[in-house]
Amino acid sequence: MILVSTLAAFALALIHMFVGRMRFVRAVPRQWWLSFSGGVAVTYVFLLLLPKLEGGQPLLAKLFEGLLANLEHPAYLVALLGLLTFFGLERLAVGSRLARGGHGANDVTSAPVFGVTMTLHALYNVLIGYLLVDDRRGVQGVLLFAVAMGLHLFVNGYALYEHHKGSYERTGRWVLALSLLVGWLLGILEDLPKLVTAALTAFLSGGVLMNVFREELPATHESGFRPFLLGAGLYGALLLLL
C-alpha cells in the first residue's frame with residue numbers, strides 16, 4: 001500500500017514539474033486534453049467523492065454545532081467553501097493579468113497574486129497528497145484516486161502555467177510538487193482525526209469542481225464536449241466495473 005501511494009505521489013509531483021513543458025498540449029488542440037481530463041475529474045467527484053461526504057455529515061455537524069444549528073448538510077457547505085475559494089483565486093489571477101495589460105510580456109499575474117495563488121494551491125496539494133495515503137481505499141481505490149487527481153492536476157497545472165508563466169516555471173512548479181510530497185509524507189507519518197479528513201475531502205470536492213469548471217464552462221468555444229463526455233464515460237464505466 002505504501003509503495004503504491006509513494007509511486008502515485010511522485011507521479012503527481014512530476015505532472016506539476018513538466019506540465020508547462022508538454023508541447024503536445026499545444027500541438028494537439030488543447031481543449032481535447034483539457035476536456036478529457038476534466039470529464040474524468042468531474043466523474044470522480046460525483047461518483048466517489050460526493051457520495052463519501054454523506055458519511056462525514058455527522059462528524060461535520062459537530063464542527064458547526066452552536067454556529068449553524070439549522071444546517072442539515074454541513075459537508076456540502078465545506079465543499080461550497082472550497083469552490084468559492086478557488087473561484088476567488090481565478091478571478092484574482094484574471095484581474096491581475098488584465099490590470100497589467102493582458103497581452104504580450106505583461107500577460108502574467110503580479111508577484112503578490114502569484115504568492116497568494118501558490119500558497120493556497122500548495123495547501124490544496126498537501127491535501128491531495130495526504131488523501132493518497134488512505135488504507136480504507138485499498139490499492140485499487142488509491143490507483144483510481146491517483147488517476148483522477150493526475151488528470152485534474154494536469155488541467156490545473158496548465159491553467160496555473162497560463163496565468164503565471166515564468167514565475168510558475170522558476171518557482172511555482174517546485175512549490176506545488178514539493179507540497180504534494182509533504183502531504184503524502186504527512187499521510188504516512190500522521191493519522192488525522194476522521195473529522196479533519198471529512199472536512200478536507202469535502203473541501204477538495206469543491207476545489208476540483210471549480211478548477212474543472214473554470215476550464216470548461218467560461219468559454220464553450222474553447223472546450224470540447226465529445227472529449228469531455230469520453231473522459232467521463234470511460235472513467236465512469238471503470239468505476240462501475242471495478
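Which residues does the UniProt annotation "transmembrane region" cover? According to that unreviewed entry, the annotation covers residues 6-25, 32-53, 73-92, 113-133, 139-161, 173-189, 195-213 and 225-241. UniProt positions are given here in the numbering used for this chain, feature names are shortened, and annotations may be inferred rather than shown by experiment.

This is a predicted model, where local features need pLDDT of at least 70, side-chain atom pairs count only at pLDDT 80 or more, and totals for chains, interfaces and linings use all residues. Residues are numbered from 1 along each chain as its sequence is written, and side-chain values use heavy atoms, with hydrogens and water left out.

**The whole chain**

The chain has 9 helices and 0 strands. Helices (H or I, at least four residues) and strands (E, at least two) are DSSP runs, numbered from the N terminus. The chain has 242 residues, and 51% of them are buried. Buried means under 20% relative accessible area, exposed means over 50%, and partly exposed lies in between (1.4 Å probe, protein chains only). Contact means heavy atoms within 4.5 Å. Of the contacts with a separation of 6 or more, 82% join residues 24 or more positions apart.

Two of the annotated spans can be set side by side.

| Span | Distance between end C-alpha atoms | Helix | Strand |
|---|---|---|---|
| Residues 73-92 | 29 Å | 95% | 0% |
| Residues 113-133 | 31 Å | 95% | 0% |

**A helix pair**

Two packed helices are described by the angle between their axes and the distance between the axes. Helix α5 (residues 111-132) packs with helix α6 (residues 138-164) at an angle of about 170 degrees, and their axes are 11 Å apart. That makes α5 roughly antiparallel to α6 (an angle over 145 degrees). Axes are lines fitted to C-alpha atoms, for helices over the stretch in contact, and angles run from 0 to 180 degrees between N-to-C directions.

The residues that meet include Phe-114, His-121 and Leu-132 in α5, and Val-142, His-152 and Asn-156 in α6. By class, this contact has 12 nonpolar, 6 polar and no charged residues. Ala, Val, Leu, Ile, Met, Phe, Trp, Tyr, Cys and Pro count as nonpolar, Asp, Glu, Lys and Arg as charged, and the others, Gly among them, as polar.

**One glycine**

Gly-38 is found in helix α3 (residues 30-63). Is Gly-38 buried or exposed? Gly-38 is buried, because its relative accessible area is 1%. Leaving out residues up to four places away in sequence, Gly-38 touches Val-155, Val-212 and Phe-228. The C-alpha atoms of Gly-38 and Asn-156 are 9.6 Å apart, although 118 residues separate them along the chain.

Technical notes:
Angles under 35 degrees count as roughly parallel, over 145 as roughly antiparallel, 65 to 115 as roughly perpendicular and the rest as oblique.
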